[in-house]
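Please read this briefing alongside the sequence and the coordinates. The topics are enclosed cavities, an open pocket and the nonpolar cores.

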Amino acid sequence: MKAHLLSKYNIPAPRYTSYPTVPFWQKTAPTQEEWISHVQAAFNENNEISLYIHLPYCESLCTYCGCNKRITKNHGVEEPYINSVIKEWKQYLRILPKRPILKELHLGGGTPTFFEARSLSKLVCSILDEVVVSEKHHFSFEAHPASTTSDHLTALRAIGFNRISIGVQDFDNDILKIINRQQTYEDVERVVRESRELGYESINFDLIFGLPLQTPTHILSTFQKVNKLRPDRIAFYSYAHVPWVKPSQRAYNEKDLPKGQEKRYLYDLGKKLLEIGGYKAIGLDHFALPTDALAQVTKKGTLHRNFMGYTPFNTRLNLALGASSISDSWTAYIQNEKKIEEYQRRVDLGEFPITKGDALTKEDQILRQHILNLICNYETNWNDERLRCEGLYAGLERLAEME
């Protein structure tokens, strides 16, 4: 791309994990009764669900992180939190007319592997006891390479987990030190090796460009190691510097951060190295080997994106459990209480712990579909009778300058 175009369009923009994006959600969230109605309508289409569980605890603070987390070394928090998540799950079961068909299950955080293997097994088994597991399913979890043990890998594989996402970020020791990411290459290599030995079908690496101190030399070194370990898929995304939201990012100075064309070059270099290594670009910020499910559905034009990232499944109902997690019924979003204590208090009262949300108009749903078409398949059809609305054409007028 020409430099003047990069400069022209180098402005902050939404990631579009939802539309409308969270800052534009209505001031009044759906009520308990309204949310139940949205859930039931989505569920009745085919009884399929995707399920996300947020596990917010970490033993140490990674300073770059923008996730909702709680730093503690007190593992006494595990059982009460898991009991609250199970209670929330049972509230959903009470409003569903039959056993759901589970297509996707993802454990995110925080650090899911903060929890002991037996705690995670208790949680997941309480879910699986009440569902029909789809024959084609993806169960995955986010793994911190320094805290993921053989017990974690074995226990989760035994109850159906077939994917693992490893938070690598970068392999350079200086970068890991400044972002307080306490791990080594040997940690990552061990988790990859043991996962493959246990039969995990897909291994993902999370990698970030634009980290403090990061240079093209770091990208070259990191991707040499990536090519040696050969994960099946890679999320290669931009570091978002928002110290006014996440004060931990003030642990380093802005002069340490690559910016503008310098930052863009880090991405272009990484992308080129991945393509040389046989990875295919998926959507906006993912890459996969041709044998991976994401690459295969991309060929078919059926790739989908939800709050868990790119996925081969498009379930209408995406339920999310745990503090701060976001559920999606296609016609509405809700987010749970962010503060753990308030989340637990409201769950104990038998409520859905909704703190914010949005009910989508018909126009919202049409625009959302166009955005999904673009970020998954790079194209959409303005003239599709089913995907026409006034807002679309108003937006297209604003694109005239870009032609």
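What follows sets out the internal spaces first and the nonpolar cores afterwards.

This is a predicted model, and the values below are computed from its atoms. Two cavities of 30 Å³ or more are counted, and the largest of them has a volume of about 80 Å³. The second largest pocket has a volume of about 370 Å³, while the largest nonpolar core holds 74 residues.

**Largest cavity**

- The lining of the largest cavity is made up of 13 residues, and those that lie nearest its centre are Y16, T17, S18, R368 and L372.
- Two elements, strand β11 (304-306) and helix α12 (362-377), each give two or more residues to this lining, and α12 supplies the largest share, namely four residues.
- Sorted by class, the lining of the largest cavity contains seven nonpolar residues, together with three polar and three charged ones.

**Second largest cavity**

- The second largest cavity encloses about 30 Å³ of space, and its lining consists of H304, N314, T315, R316, N318, D328, W330 and R368.
- By class, this lining divides into four polar residues, three charged residues and one nonpolar residue.
- R368 is named among the residues nearest the centre of the largest cavity, and R368 also belongs to the lining of the second largest cavity.

**Second largest pocket**

- Of the 17 residues that line the second largest pocket, H138, A293, Q296, P312 and F313 lie nearest its centre.
- The elements giving two or more residues to this lining are β5 (132-143) and α10 (293-300), with α10 giving the most, at four residues.
- The lining of the second largest pocket comprises seven charged, six polar and four nonpolar residues.

**Nonpolar cores**

- In soluble globular proteins, nonpolar side chains tend to be buried together.
- Within the largest nonpolar core, I53, F161 and F205 are the residues that touch the most other members, and helix α3 (residues 78-95) gives the most to this core, with seven residues.
- When its neighbours within four places in sequence are left aside, I53 is in contact with V85, L105, H106, L107, G108, L123, I127 and L321.
- Another core, of twelve residues, lies apart from the largest one, and its members include L294, A295, L372 and I375.
- L372, a member of that other core, is also listed among the residues nearest the centre of the largest cavity.

Notes
Residues numbered from 1 in each chain as written. Predicted model: local features only at pLDDT ≥ 70, side-chain atom pairs only at ≥ 80, totals over all residues. Heavy atoms only, no water. 1 Å grid on protein atoms, 1.4 Å probe; cavity = no way out; pocket = protein on both sides within 12 Å on 5 of 7 lines; lining within 4 Å. Points joined across faces, edges and corners; volume = space filled by probe spheres on them. Nonpolar A, V, L, I, M, F, W, Y, C, P; charged D, E, K, R; others polar. Core = buried A, V, L, I, M, F, W, Y, C linked by side-chain atoms within 4.5 Å. Buried < 20%, exposed > 50% of the residue type's maximum accessible area, 1.4 Å probe, protein only. Contact = heavy atoms within 4.5 Å.
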